[in-house]
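Hi,

Here is the structure I said I'd pass along. Have a look at it first, and then read my notes underneath.

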Amino acid sequence: MIEKDGVQRAFDVMRGGVREEERGLRLLVTGRVGTGRTALVALLAHLFVMQGMEVLAVDADPERRLAASLGCLPGIEFVPPSWHEGGVEEDTGGTGMLLHLRPRVSDALERCGMRLGERLTLFVADGVGEFGNTGLGGTISEFVRRTEGVVLLDTLAGVEHLGRAVAEGFSRALVVADPSQSALSVALRAADFARTLGIGDIHLVVNRVCGETDLEEVGRSVGPCHLFSTITYLPYDEAVCRTGPAVTPLLGEETAFMAGVRGICRVLTIR
């Protein structure tokens, strides 16, 4: 059923519930540029922290906008591990002819991550550099080994550039789109690719919904799709654009948009 205000429809087809195989929650968030994906990642990160969870937010988007969305001051630059001073030599075991195939990642978070609060760490990943997929996957695994925390990976639609080395550890994906046919088409392709990587629990978020016309467009584009465990509609909210890029001012608001985001957070914490 679509709620009367057209804000959120969430139908659960989890086939008996979701089991998290790993400790904590690993969520891969993907979607086309301009759909509000990174803002949603930042909001979820703060909401999980407010619930007392340890959160690692990984920015694997080449635009690197997650820091600003989380509330970092302008001008702060984060250096990806492969660009870190001495990073290649330290992480691969040397710069000679023979290099170790697995980078050293045991202290990558301490060297390259930034602590943004008591429970929130930001890690800017270089998904295609020398540190590469093996390093990113190893860093995330190291975080999960140490804590029962939440890992949020923000990346562009078309997670092919990350590959199996990164996506292997994720049991859930959040695909973000707007109501346009092109964005929904990208979302379907991203969900299908995530499924081929072994991610079985995939959630669709349709952002910036303005009314029944948008809902009808989603119905036409997505149809009776069985790729998604849940579909959530978030209404267009001027405050999101007005307060951006930082999402922190939205956290104290009781709006239909934030009610929808909190609903997503609840769905994702279902075991």
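Below is what I found, going from the main core to the helix pairs and then one single residue.

One caveat up front: this is a predicted model.

Let's start with the inside. The largest nonpolar core has 37 residues, and the ones touching the most other members are Leu 40, Leu 44, Phe 48 and Leu 152. Several elements feed into this core with at least two residues each, among them strand S1 (25-31), strand S5 (150-156), H1 and H10. H1 gives the largest share, 9 residues. As general background, nonpolar side chains in soluble globular proteins tend to be buried together.

Leu 152 is a handy place to click. Not counting neighbours within four places in sequence, Leu 152 is in contact with Leu 27, Val 41, Leu 44, Ala 45, Phe 48, Val 55, Leu 56, Ala 57 and Val 58. There is also a second, separate core of 31 residues, whose members include Val 58, Leu 153, Val 175 and Ala 177.

Now for the helices. H1 (residues 37-50) packs against H10 (residues 256-268) at an angle of about 65°, and their axes are 10 Å apart. With that angle, H1 counts as roughly perpendicular to H10. The crossing of H1 past H10 is right-handed. On the H1 side the contact uses Leu 40, Leu 43, Leu 44, Leu 47 and Phe 48, while H10 brings Phe 257, Met 258, Val 261, Arg 262, Ile 264, Cys 265 and Leu 268. Sorted by class, the contact of H1 with H10 has 11 nonpolar residues, no polar ones and 1 charged.

The other pair to look at is H7 (residues 181-196) with H8 (residues 212-222): the angle is about 40° and the axes are 10 Å apart. That angle makes H7 oblique to H8. H7 also passes H8 in a right-handed crossing. Here Gln 181, Leu 184 and Leu 188 of H7 meet Glu 217, Val 218, Ser 221 and Val 222 of H8. The contact of H7 with H8 splits into 4 nonpolar, 2 polar and 1 charged residues.

Last stop: is Val 267 buried or exposed? Val 267 sits in helix H10, and its relative accessibility is 15%, so Val 267 counts as buried, the cut-off being under 20%. If you want a distance to check in the viewer, the C-alpha atoms of Val 267 and Ser 229 are 10.0 Å apart, with these positions 38 residues apart along the chain count.

Cheers

How values were computed. Residues are numbered from 1 along each chain as its sequence is written. This is a predicted model: local features need pLDDT of at least 70, side-chain atom pairs count only at pLDDT 80 or more; totals for chains, interfaces and linings use all residues. Side-chain values use heavy atoms; hydrogens and water are left out. Axes are lines fitted to C-alpha atoms, for helices over the stretch in contact, and angles run from 0 to 180 degrees between N-to-C directions. Helices (H or I, at least four residues) and strands (E, at least two) are DSSP runs, numbered from the N terminus. Angles under 35 degrees count as roughly parallel, over 145 as roughly antiparallel, 65 to 115 as roughly perpendicular and the rest as oblique. A crossing is left-handed if the near helix is turned anticlockwise from the far one by less than a right angle, and right-handed if clockwise. Contact means heavy atoms within 4.5 Å. Ala, Val, Leu, Ile, Met, Phe, Trp, Tyr, Cys and Pro count as nonpolar, Asp, Glu, Lys and Arg as charged, and the others, Gly among them, as polar. A nonpolar core is a set of buried Ala, Val, Leu, Ile, Met, Phe, Trp, Tyr and Cys residues joined through side-chain atoms within 4.5 Å. Buried means under 20% relative accessible area, exposed over 50%, partly exposed in between (1.4 Å probe, protein chains only).
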